[in-house]
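Dear colleague,

I am handing over the structure below, and I would be glad if you read the notes that follow with it open beside you.

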Amino acid sequence: MLTTPEMIRPLQRKLYTKAKQEPAYRFYALYDKVWRADILNHAYRLVRANKGSPGVDGISFEAIEQTTGIDAFLSELAQDLKEKTYHPSPVQRVMIPKADGSLRPLGIPTIRDRVAQMAVKLVIEPIFEADFCPNSYGFRPKKSAHDAVDAIAEALYRGYTEVIDADLSKYFDSIPHAKLLAVVAERIVDGAILHVIKLWLKAPVIGEDADGTRKHVGGGKANSKGTPQGGVISPLLSNCYLHLLDRIWDRHQLCWKLKARIVRYADDFVVLCGGEVDAPLATVRRVLDRLELTLNETKTRIIDARKESFNFLGFAIRVSKSWKSGKSYPHVCPAPKSLAKIKERIKQQTDRRLTPVPLGDVVRNMNASLRGWVAYFHYRNSSKVLGKVKTQAEERLRTHLMNRYKISDRGTALLRFPRQKLYANYGLYKVPMTAGWNTAHASV
């Protein structure tokens, strides 16, 4: 995790404090901070740490560092920003498979544009952070998906068990540019900042045909909606726009008037109700309509969490009863899709076709997947699912060893590759069997 340099922190602290103390203040002198050498250098380091592929220009981090040099690369970018000759390149669209078999479009700006976006983000994010509501958790400093799930669990424990499991229809593609820029302009009147944000929103989007032929698939000056998923600035802008929903809920005290709490992680949100859901749902629809956004009616559900679970950020959440005490508690564990995803990943990484690959590489890839999954899901009431993942990993590695050493009898394999040997001799990562939350009421 990269820490913010000492030279940048005072600026961010001053901007945050000013915004917090004066909610109506509009910032007018920010652009000259964007092309500061220390900010651009830190922006590059942050973008580099995120890794990611080259954009449409094909220029990678390695090419920049080995050919151009970081200093020359950033100096040229700073000059373009300073002289206001900077213009973003088209965004490259790639299609990412989703769990349901459909494809999600991801927009990849060039590294140069990602660094410029990160520099702007470093400057303006503290201003909007001062405004964001406590119920918003996605893509924010010092907030996490686990914090959002904790907030849901607390609401369930307090009786907010009627849940509106909302799903926005193509949110990132639907954000109207004019209204989004108006939201940003509520706080920022620096014309150069607003101009460069508009340039990013209007950047052409380039995709590929099945034969690899590049073509224009979206964006451009005529486009009036959407912000590409994949842009560094996009999560902040999307949070700014949906903050309007949070703000209305907060200012009109709807949490108490409607007895309904919103927990939002970027464009994923749930409304937890302590009574009837009709009024909260109608209010959500009314606000979204004003924002020119719509709910996906086929995926938005009303759920009694005491009778069934709902999925949020990869977890299945419901109200259960403790078999020991008989008391109700919020039960949080990996959703079936999350379990299926890691099991399929481990299966692919131990496929019989990989027997020519060095065994150390096979186990190393397995361990990387397992560690990443456990780092997120080793949480609350996940012990049973963790056990399933551990068993899957052991069985798949043993099966791989059988294929590698041409052993057909499973009994022989169990004797030759017992559980202890998988860990001690082959270095398999041991999935912890007990989640971080051991008791049913640990959250309260």
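**Nonpolar cores and aromatic rings**

The largest nonpolar core (buried Ala, Val, Leu, Ile, Met, Phe, Trp, Tyr and Cys residues joined through side-chain atoms within 4.5 Å; buried means under 20% relative accessible area, exposed over 50%, partly exposed in between, with a 1.4 Å probe and protein chains only) has 77 residues, and those with the most contacts inside it are Leu30, Val115, Ile124, Ile197, Tyr241 and Val271. Helix H6, residues 111-129, gives this core its largest share, 11 residues (helices are DSSP runs of H or I, at least four residues, numbered from the N terminus). Apart from it lies another core, of 53 residues, with Phe315 and Ile407 among them.

This is a predicted model, in which local features need pLDDT of at least 70 and side-chain atom pairs pLDDT 80 or more, while totals for chains, interfaces and linings use all residues. Residues are numbered from 1 along each chain as its sequence is written, and side-chain values use heavy atoms, without hydrogens or water.

Rings of Phe, Tyr and Trp (its six-membered ring) pair if their centres lie within 6.5 Å, and count as stacked under 30 degrees between planes, edge-to-face over 60 and tilted otherwise; by this rule there are 13 aromatic pairs. The rings of Tyr376 and Phe377 have centres 4.7 Å apart and planes at 85 degrees, so this pair is edge-to-face. Tyr376 is partly exposed at 26% relative accessible area, whereas Phe377 is buried at 7%. Ring pairs also link both of them with Phe315, Trp373 and Tyr379 into a cluster.

With kind regards

Technical notes:
Helix = DSSP H or I, 4+ residues; strand = E, 2+ residues; numbered from the N terminus.
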